[in-house]
Amino acid sequence: MNTLWVIGDSTLSSFEDKYYYPRYGYGTMLDKYLDKTITVKNIALSGRSSKSYTTEPEYKELIAGMDKGDFLIIGFGHNDEKTEEDRYTDANGGIDDEGSFAHSLYNNYIEPALKTGCQPVLCTPIVRRTVTDTWTSQQLHITVAAGGFAGGDYPQAIRQLGKALGLPVVDMTEITRKRYEKMGKDETLYLHAWTSDNKMSVDNTHTNIWGARVNAYDVLAVIKEKQVAGLSEHIITDSAANPLSLKEKFLVSNSSYVPTVFSDVLKESSLWKDYVCSDKTVFKGTVFGDIGGADLKENFVLETDDEGNLHMAAKNSIGKIAPVSDGIAMYYRQLDTSVHFILTAQVQINDYFSNDQVSFGLMARDDVYIDYSTADILGDYVAAAPLLLTHEQEAVSCFARKSGVLTFGGKCTRAYKAGDVVELRLESTSDGYAATFGSEKTITGGFDFALTAVDPKHVYVGMFAARNADVTFRNIKLEYK
């Protein structure tokens with residue numbers, strides 16, 4: 001009996017989700033279309049690139065476990081394009097160019113597999129779902145230079161590598177692009193994970209169980225068509241097995257999913273002491289959202305320091321700012337929606353880990369939960385805070401979310417580093433909100449909406465930190481106008 005090894009990122013990996021439509025990578029469904037003579041060993045890991053995967057125990061398992069007659073599906077690309085030192089590889093260059101995507105794939109996976117007699121199969125990354133029936137370059141994994149990182153075409157790098165080495169390539173970028181164009185955005189919605197039972201919570205990167213089955217079928221259908229000896233003979237991909245026409249059979253929701261229920265009567269946190277400003281304004285502490293059921297005291301810091309300033313930190317890669325979910329530490333004050341305010345502060349950046357989901361600053365939002373973990377899509381908000389900090393001077397200077405859509409404000413004019421002290425300002429206006437981060441341009445465009453979708457009576461205003469940010473807020477002042 002031979003083994004089909006599967007490595008790659010979250011689009012292939014398994015998950016333990018509490019989502020309404022949980023995430024499934026296509027590596028979890030390959031065994032559905034293989035006979036019993038092939039054993040699937042799916043050790044793909046969410047969030048990894050071809051570079052960062054080599055630091056994991058699963059990589060050692062792969063190198064030690066591959067044997068003659070085995071097969072190896074390699075499905076990286078989504079995270080190799082991330083402008084982060086630990087994950088980025090350059091889409092440009094060949095196998096002899098250290099630091100390139102091709103060099104990483106060849107030296108870390110292809111060459112070790114070939115030496116053991118294991119047959120590698122290269123897969124280009126699946127597309128990110130389009131919500132407009134047109135495509136951005138990023139959805140097709142073609143990036144531009146940012147923050148000192150070169151841009152490039154990651155699927156093309158895989159195609160060229162396969163051609164140069166004479167290896168089979170499954171072009172999942174093209175397969176999924178053509179399928180999505182044919183199905184249309186209203187139907188491809190059901191191929192993807194939903195964090196909640198609200199379709200606005202769709203995760204446009206990760207597939208659900210039906211989407212994973214469809215992708216797994218297509219991967220193996222191409223391998224069968226390419227007549228990969230020793231594997232093709234064991235693939236079951238006749239028309240009756242095609243899951244694309246079996247949505248009603250395979251699209252199932254999580255029977256244990258419990259929707260988040262909001263109440264504007266907020267209990268006191270048992271974990272965090274109130275923060276009292278010099279003018280006696282009181283802010284309440286909480287940690288909530290997509291935090292994965294983390295131990296809050298171990299992974300978050302919300303405290304008054306020895307100088308009376310507000311110290312906040314989100315550690316160990318817990319929490320995030322993402323289009324369909326947010327997991328944050330926040331000190332908030334509940335205000336009536338009729339109140340017009342100006343919130344100002346200074347933030348000292350103590351440290352942050354380079355990741356595009358890191359953020360910190362001021363936020364006004366229409367819902368707050370007390371020390372509560374949920375992957376559901378939460379309410380609308382506006383933030384005077386940076387995002388995409390790995391892009392340095394191209395980072396976003398402020399952002400908002402409205403009806404499940406993340407909206408970016410202006411771009412930063414410089415990089416922000418540990419040790420910087422930045423002035424923050426968030427102000428309600430007659431039409432919505434105005435956000436200012438440091439000396440960057442004040443943004444109102446796109447932020448002209450009321451925060452009343454979840455709680456029509458209140459708005460929640462304060463300071464926040466997410467995803468490996470360690471910051472100290474000083475001179476916090478909440479004024480009314």
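**Strand pairing, salt bridges and a pocket in the predicted model**

Strand E20 (residues 421-428) pairs with E21 in the antiparallel sense over five bridges, and the two strands form a hairpin with four residues between them. The model described here is a predicted one. Within the pairing of E20 and E21, Arg 425 stands opposite Thr 436 of E21. Strand E21, which spans residues 433-437, is mostly covered, five of its five residues being buried. Both of its faces are covered, with Tyr 433, Ala 435 and Phe 437 buried on one side and Ala 434 and Thr 436 buried on the other.

Across the whole structure, a search finds 23 salt bridges. One of them reaches the segment ahead of the hairpin strand E20: Glu 392 forms a salt bridge with Lys 417, the closest N and O atoms lying 3.4 Å apart. Because Glu 392 lies in the loop between strand E17 (381-384) and strand E18 (399-402), and Lys 417 in the loop between strand E19 (405-408) and E20, the pair ties together parts that are 25 residues apart in sequence. Glu 392 counts as partly exposed at 27% relative accessibility, and Lys 417 likewise counts as partly exposed, at 42%. In addition, Asp 326, Arg 365, Asp 367 and Arg 401 are joined into one network by salt bridges that share partners.

A further salt bridge links the side chains of Arg 128 and Glu 81 (2.9 Å, N to O). Arg 128 is placed in the loop between strand E4 (119-123) and helix H3 (154-165), and Glu 81 in the loop between strand E3 (71-75) and helix H2 (101-116), so that the pair ties together parts 47 residues apart in sequence. Both Arg 128 and Glu 81 are buried. The side chains of Glu 56 and Arg 48 also meet in a salt bridge (3.1 Å, N to O); here Glu 56 is buried, with a relative accessible area of 18%, whereas Arg 48 is partly exposed, with a relative accessible area of 23%.

Most residues other than glycine have a negative phi. Asn 316, although not a glycine, has a positive phi of about 60°, and it is placed in the loop between strand E11 (310-314) and strand E12 (320-321). Ser 317, in the loop between E11 and E12, has a positive phi near 60° and is partly exposed, with a relative accessible area of 37%.

The second largest pocket holds about 280 Å³ of space. Its lining comprises 19 residues, of which Asn 198, Ile 377, Leu 378, Gly 379 and Val 454 lie nearest its centre. By class, nine of the lining residues are nonpolar, six polar and four charged.

Terms used. Residues are numbered from 1 along each chain as its sequence is written. This is a predicted model: local features need pLDDT of at least 70, side-chain atom pairs count only at pLDDT 80 or more; totals for chains, interfaces and linings use all residues. Side-chain values use heavy atoms; hydrogens and water are left out. Buried means under 20% relative accessible area, exposed over 50%, partly exposed in between (1.4 Å probe, protein chains only). Two strands pair if DSSP finds at least two bridges between them. On a 1 Å grid over the protein atoms alone, a cavity is a set of points where a 1.4 Å probe fits but cannot get out, and a pocket is an open set with protein on both sides within 12 Å along at least five of seven lines; lining residues have an atom within 4 Å of a point. Grid points are joined across faces, edges and corners, and a volume is the space filled by probe spheres set on the points. Ala, Val, Leu, Ile, Met, Phe, Trp, Tyr, Cys and Pro count as nonpolar, Asp, Glu, Lys and Arg as charged, and the others, Gly among them, as polar. A salt bridge is a side-chain nitrogen of Lys or Arg within 4 Å of a carboxyl oxygen of Asp or Glu.
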